[in-house]
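Thank you all for coming. I would like to take a few minutes to walk you through a structure that most of you have not seen before, so please have it open in front of you as we go.

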Amino acid sequence: MQVDGNQNSKIIVAAGSITMKDKPQLPVVNIPQAELDVVRRAWVELDVRDQRVPTAEKAVARLTGDGPRLAVVTGPPGYGKRTAGIKALWEVAQGQSLKLQEIVPDWEKPGSPDVAELPDEPGTGYLLDVAAEISDWQNRGAFAQQLVSYAEELRLSGSFLVVIADEHGWPEAVAGAVAGVVVRATARPSARRVARMHLEYVHHQPGRLHWLTGVPSGTGLAGKAAQQLTDGSRPADAADLAAKLAAAEDSPKGLERALSAFQEWRTDVRDVFSATENNPDDRALLISAVFLNGKDALTVQDGARELLGESPKADVRTILTGPDLTSRLTAMGAEVTGRTVSLDHKPGYARAVLLHLWQQRADIHAHLLKWLDTITSPKGAGSDLAAISDLLVELAVAENDIRVVQKVHAWIDNGADSPEHRALIARFLTVAAESDTLGAGVRGLLLDSAQETSKAVATVVALVCRGEFAEHYPRQALVRLRHILDRPEPDEAVRTAQEALRDIAARDGQLPRVWNTVIKWATEKKHLAGHRAFLSLLDPSVDPYVLQVMLAAAELKQDVREALVAGWNAALADTRVEVECRQLLAAWAEVRKTADVPTELMTEIINQVVLDHLVATPVSALIFGEPGVADGEAVIELRKDLRLPPALSSLVSAHEHASAGS
C-alpha cells in the first residue's frame, strides 16, 4: 500500500486488533542489550573458592529437558539469579533464532496473577522476574501448577520461560511437577572476578585492571581498588565498582572520587556533618545545594535561609563576619564555578547527604518536604522537578522502606495545592512504582490511593497513570483510572483521569486493550467509570483519532459496531452522564460534516441509539432541541438524516417550523 500527501494527517488503520478479547496479554519488552552483553562477554561461573556456580547450567538443563519449557530460579538476593536466567535463555537461543524478551508483570489483579495473561508468541525466550512480589501472591499454588501446564504448551511453539523468584515464594510442596522446575541459586559468582571481567570486557578498560589486581604501594594506583570487595560482596556491587572505575579520570584524584562514590561517600558525609555540629547555617547551605544543584550561589544561599525560616542578615558586622560563601560551599563538598554551585563532580554525593539527613535527623522530614514546596513553586528557585523527585526516589530505594514512600504520599494533602506540587509527587511515585525493591508495594499503594476521597490524592494517581507508568503497566493504570472515574462528581481528578485514558489509548498498540477494558466497564459492569470513559474516548472535539479508528473497525466487524451501540445504550441509561451524552451527540453531529469518518455508518449508529432511547433527555434534546439553546447547523442536518418513525418525524418537522417562525 502506498500513501501520498499525508504530511499533516494521521493514517487510520482498522486492523484486526480491535476485537472483544477477554484477556489481553501482558506487555513485553526486549531484554536490555547491556544485560545481554554481560552474559556474552563477561560471564563468571566460578565462586570465591574457584568452584563452579551451576545456576545457569541447571536452568539450561530444565529448559531443554523432557519436561516443560520452564526454569524457576530461586534463592536469596545478591546471588545473580536474574543474570543466570538471562544467561540460560541466551544459551538456549544459540542457533534457534529466538527473540529474548522480558514479560512485564502487569497483572490485572497484582495479588492474583493469571496464567491466561501470559504471552505465547512462537520462537521466544521469555524472562519473568517476580522476585519482589511473589511472596505476596494469594494463589501461588494454583498459579504454579497452571504455569507448569502453560510451559508444557510452550514446547509446541518453540518458546521458553525463565521465572526469577525469591528464596521462599515458589510453592514447591504443591506438587512434584512444580518442584521439578526449580533451580536453586546456592552460590554466587566471585565478586572480584565479576569486577575484572566487567572492567575489561563490558567497559573495555583492560588498562585499569591493575587498580583491582595490583599490589598496593605508597605511590601509583595499583591495587587501590582491591579492598573494596570481599568474599561476601554481591555481583551487583562488583558491576557497580567496575562501572565507576571505568568512568573515572585516570589519575589519583579520579580514582579516589570513584572509590568514594562506590562507598556512597559515607566517610565524606560523616566528616562534613561532624565538622558542622554547631553550625546549622552551613548544614542548611549543603541541603539547599543538594536540591538546587546547578543554581547560582546566591540562590542556594536564599534557599538555605528559607529552610531555616530566617531573613537575610541586616547587621553589617554580622554580614562581614565569617568565611566567604564560596569557601563555605566548597567546605560542604560542593564545587563553585563562576557563580554556579554543583555537586555533579561527586556522583551520588547528593543522595548520600540526603540519606544521612533522613536517617540521623528524623524530625526534619516534615520541614524538609514543606520547604521543597517552597522552592518548587512557580516563584521558587528549584525548577528541576525531575531531579528533585529522582532524589526522593533514590532515598526511598536506598532505605528500602515503604514508609518513606508513605511519608511523601502523605505530603500530597499536607503540602501546597499547586500543579507543581502534584507533578513532583506524581513523578516520585512513578519512578518508585517501577523500582525493583519497592515497586510492588508502591503499585499497591497507588491502587488504594485511587479509591481515596481526597481530590488531590486521586489527581496525583491520575497523573501517574498518564505518565511512564502506563507504558510498563497499562493494565494496572487502567484499573486505577477506573476507580477515579467512579468518583461521584466530575471534579479535577476525574478530568485528569479522562485525559490519562485518552493518552493511553493514543499510544502505539494500546487502543485494543483500552477499548476492550472500557466497553466491559460500560456494558457488563455498568460502572459510572465505564460510561464516562466511553464518552470521553469517543469525543472527537478533544481528539478524533479513537473515534476514527473505532468507526473504521466497525465498518469491518459487526461485533465492534454492536459494542459501540451497546456503549451508547449503557451511557444513555445512566442519568449521571446526561450532560456528557448531550455534548457527545452534538460533537458527533459536528464531526459528520468532515470527510474523516464514515458518515453513513455514523448516522446509522446514532439512528439506532436514538430509537432505543426516545425518552432519554439527551436524545430528546437532539431531536427537539432545548429551550433557549440555538442548535447549530450540524445538529439540524443530523436530524434530517435520521430515519425516525413517521409520527415522530412529523413532530420534529412541526417543531422546527415553529422554531423558525419564532
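Let me start with the sheet, which in this predicted model is an open one of six strands, with the order 1-3-4-5-2-6 and mixed pairing. If you look for the edges, you will find strand 1, residues 28-30, and strand 6, residues 182-184, each with a single partner strand, so that one side of each is left without a neighbour in the sheet. From one strand to the next, the twist averages 25°. Strand 1 is joined to strand 3, residues 99-103, by three bridges, and the two run antiparallel; within that pairing, N30 stands opposite Q101 in strand 3. Packed on the sheet you will see helix 3, which touches strand 2 (70-74), strand 3, strand 4 and strand 5 (160-164), and whose direction makes about 170° with that of strand 5.

Helix 3 also brings us to the salt bridges. As a reminder, side chains of opposite charge can pair when their charged atoms come close. How many salt bridges does a search of the whole structure find? The count is 30, and I will show you three of them.

In one of these, E35 pairs with R82, with the closest N and O atoms 2.8 Å apart. Because E35 lies in helix 1 (residues 33-41) and R82 in helix 3 (residues 81-93), this pair ties together parts that are 47 residues apart in sequence. E35 is partly exposed, with a relative accessible area of 22%, and R82 is likewise partly exposed, at 22%. Now let me turn to a pair between R443 and E133, whose side chains meet in a salt bridge at 3.4 Å, N to O. Here the link is between distant parts of the chain, since R443 is in helix 20 (residues 439-450), while E133 is in the loop between strand 4 (124-129) and helix 4 (140-157), 310 residues apart. Are these two residues, R443 and E133, buried or exposed? Both are buried.

The remaining example is D231 with R192, whose side chains meet in a salt bridge at 2.9 Å, N to O. D231 sits in the loop between helix 7 (210-213) and helix 8 (235-247), and R192 in helix 6 (residues 191-202), which places the two 39 residues apart. D231 counts as exposed, at 51% relative accessibility, whereas R192 is partly exposed, with a relative accessible area of 32%. Going back to E35 and R82 for a moment, salt bridges that share partners join these two with E102 and D129 into one network.

Finally, the aromatic residues, where the count comes to nine aromatic pairs. Take W515 and F534, whose ring centres are 6.3 Å apart and whose planes are at 40°, so the pair is tilted. W515 lies in helix 25 (residues 511-525) and F534 in helix 26 (residues 528-537), so this pair ties together parts that are 19 residues apart in sequence. W515 counts as buried at 0% relative accessibility, and F534 is buried too, with a relative accessible area of 0%. W568 and W588 form an edge-to-face pair, 5.4 Å centre to centre with 90° between the planes. W568 is in helix 28 (residues 558-572) and W588 in helix 29 (residues 578-591), and both are buried. To close the picture, W515, F534, W568 and W588 form one aromatic cluster.

Conventions:
Residues are numbered from 1 along each chain as its sequence is written. This is a predicted model: local features need pLDDT of at least 70, side-chain atom pairs count only at pLDDT 80 or more; totals for chains, interfaces and linings use all residues. Side-chain values use heavy atoms; hydrogens and water are left out. Rings of Phe, Tyr and Trp (its six-membered ring) pair if their centres lie within 6.5 Å; planes under 30 degrees apart count as stacked, over 60 as edge-to-face and the rest as tilted. Helices (H or I, at least four residues) and strands (E, at least two) are DSSP runs, numbered from the N terminus. Buried means under 20% relative accessible area, exposed over 50%, partly exposed in between (1.4 Å probe, protein chains only). A salt bridge is a side-chain nitrogen of Lys or Arg within 4 Å of a carboxyl oxygen of Asp or Glu. Two strands pair if DSSP finds at least two bridges between them. Axes are lines fitted to C-alpha atoms, for helices over the stretch in contact, and angles run from 0 to 180 degrees between N-to-C directions. Contact means heavy atoms within 4.5 Å.
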